[in-house]
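Visitor: Hi! I have a structure open and I'd like to talk it through with someone. Can we go over it together?

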Amino acid sequence: MHELKIAGGWLVDGTGSPPREGEVAISGGRIAEVGDDAGPAREVIEAAGLFVSPGFIDPHSHACGEGMGSVLNAPTAPSAILQGITTVVTGMCGYAPIEVGAHLDAVAERGTALNYALMVGHNTIRRHAMELRAEAPTAAELEAMRRLVRTGMEQGALGLSSGLWYVPGAYAATEEVIELAREVAPFGGLYASHLRSENAETGPQALEEAIDIGREAGVAVQVAHLKAAERPAWGQAAQRLERLVRAQAE
């Protein structure tokens with residue numbers, strides 16, 4: 001007998017197949033069976049007229065911060081859970097704790113209602129290595145940043161995030177970011193970027209930059225804040241989406 005069964009709802013399983021009526025049984029904290037009749041259970045939740053789906057993934061979160069909504073200050077994560085979000089990827093836009101392992105240990109010790117993934121933040125490590133200088137890093141500074149990326153990945157980070165719209169990330173040349181993104185490739189990590197620009201004149205080039213970084217570093221790319229900002233750029237949205245489709249095909 002299962003511990004729990006959700007019955008009578010419309011199942012949306014995340015595969016893209018049409019919703020269907022069915023039951024979901026849970027035992028030992030895990031989904032044990034999905035079907036027309038999942039069998040008896042000690043507790044039954046009647047979900048008639050409701051949708052039943054896997055938890056949603058928020059691929060762009062700032063839950064690692066220090067504000068009231070951070071996972072360390074709000075471990076039950078009501079703002080996420082009440083929207084059906086059960087997994088967050090945080091440390092985005094280039095801002096993340098410098099000590100990846102210590103942060104993940106703190107989250108584990110405190111506990112959280114979420115599945116939790118953390119990125120290495122380019123803005124954070126650049127500021128740590130060279131403060132806010134608007135210039136290229138020295139060889140020693142670049143190696144220090146490489147080392148921080150490697151250490152973060154060894155300690156469980158999902159990849160490297162950048163916020164090239166922000167200081168100090170805005171000071172970094174494309175080549176610098178490529179060198180750092182190469183450090184996540186051996187770990188199967190990804191590169192996620194708040195693009196350098198979103199406007200009509202330079203937005204398309206900023207998208208191309210992110211694609212180039214992924215290609216040169218040999219890593220997957222996640223584009224954050226993909227938008228055609230301000231009125232002159234409004235007609236470019238379809239072009240930018242089409243470029244993403246072509247990049248996926250490439």
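Visitor: How do the residues lining the second largest pocket divide into nonpolar, polar and charged?
Guide: Good place to start! This is a predicted model, and in it the lining of that second largest pocket divides into seven nonpolar residues, two polar and two charged.

Visitor: Which residues are those?
Guide: The lining is made of Ile211, Gly214, Arg215, Val219, Ala220, Val221, Val223, Leu244, Ala247, Gln248 and Glu250.

Visitor: And which elements supply at least two of them each?
Guide: Look at α6 (203-217), β12 (220-224) and α7 (237-249), since each of these supplies at least two residues of the lining.

Visitor: How much space lies in there?
Guide: About 270 Å³ for the second largest pocket. The largest pocket holds about 520 Å³ of space.

Visitor: OK, let's go to the largest one. How many residues line it, and which lie nearest its centre?
Guide: There are 19 lining residues, and those nearest the centre are Ile31, Val52, Ser53, Pro54 and Gly55. By class, the lining of the largest pocket has 13 nonpolar, four polar and two charged residues.

Visitor: Which strands should I find around it?
Guide: Try β1 (2-11), β2 (20-27), β3 (30-35) and β7 (85-90), each of which gives at least two residues to the lining of the largest pocket.

Visitor: What about cavities of 30 Å³ or more, how many does the structure hold?
Guide: One. About 30 Å³ of space lies in it. Its lining is formed by Ala96, Pro97, Ile98, Val120, Gly121, Thr124, Ile125 and Leu148. Two elements, β9 (120-121) and α3, give two or more residues to that lining. The cavity's lining residues divide into six nonpolar, two polar and no charged.

Visitor: You mentioned α3. At what angle does α3 pack with α5?
Guide: Helix α3 (residues 122-130) and helix α5 (residues 174-181) pack at about 105 degrees, and their axes are 12 Å apart. The two helices are therefore roughly perpendicular to each other.

Visitor: Which residues meet there?
Guide: From α3 you have His122, Ile125 and Arg126, and from α5 they meet Glu176, Val177 and Leu180. That contact has three nonpolar residues, one polar and two charged. Ile125 is also one of the residues lining the cavity.

Visitor: How do α5 and α6 cross?
Guide: Their axes come within 9 Å and cross at roughly 40 degrees, which makes α5 oblique to α6. The crossing is right-handed.

Visitor: And which residues touch in that pair?
Guide: On the α5 side there are Thr174, Val177, Ile178 and Ala181, which meet Glu209, Ile213, Glu216 and Ala217 in α6. The contact of α5 with α6 has five nonpolar residues, one polar and two charged. Val177 also takes part in the contact of α5 with α3.

Visitor: New topic: the backbone. Which residues does a cis peptide bond join?
Guide: Val167 and Pro168, with omega at about 10 degrees. You can find Pro168 in the loop between β10 (159-163) and α5.

Visitor: What is phi of Ala77 near?
Guide: Phi of Ala77 is near 50 degrees, a positive value in a residue that isn't glycine. Ala77 lies in the loop between β6 (56-61) and α1 (78-81).

Visitor: Why do you point out those two spots?
Guide: Because most residues other than glycine have a negative phi, and most peptide bonds are trans.

Key. Residues are numbered from 1 along each chain as its sequence is written. This is a predicted model: local features need pLDDT of at least 70, side-chain atom pairs count only at pLDDT 80 or more; totals for chains, interfaces and linings use all residues. Side-chain values use heavy atoms; hydrogens and water are left out. On a 1 Å grid over the protein atoms alone, a cavity is a set of points where a 1.4 Å probe fits but cannot get out, and a pocket is an open set with protein on both sides within 12 Å along at least five of seven lines; lining residues have an atom within 4 Å of a point. Grid points are joined across faces, edges and corners, and a volume is the space filled by probe spheres set on the points. Helices (H or I, at least four residues) and strands (E, at least two) are DSSP runs, numbered from the N terminus. Ala, Val, Leu, Ile, Met, Phe, Trp, Tyr, Cys and Pro count as nonpolar, Asp, Glu, Lys and Arg as charged, and the others, Gly among them, as polar. Axes are lines fitted to C-alpha atoms, for helices over the stretch in contact, and angles run from 0 to 180 degrees between N-to-C directions. Angles under 35 degrees count as roughly parallel, over 145 as roughly antiparallel, 65 to 115 as roughly perpendicular and the rest as oblique. Contact means heavy atoms within 4.5 Å. A crossing is left-handed if the near helix is turned anticlockwise from the far one by less than a right angle, and right-handed if clockwise.
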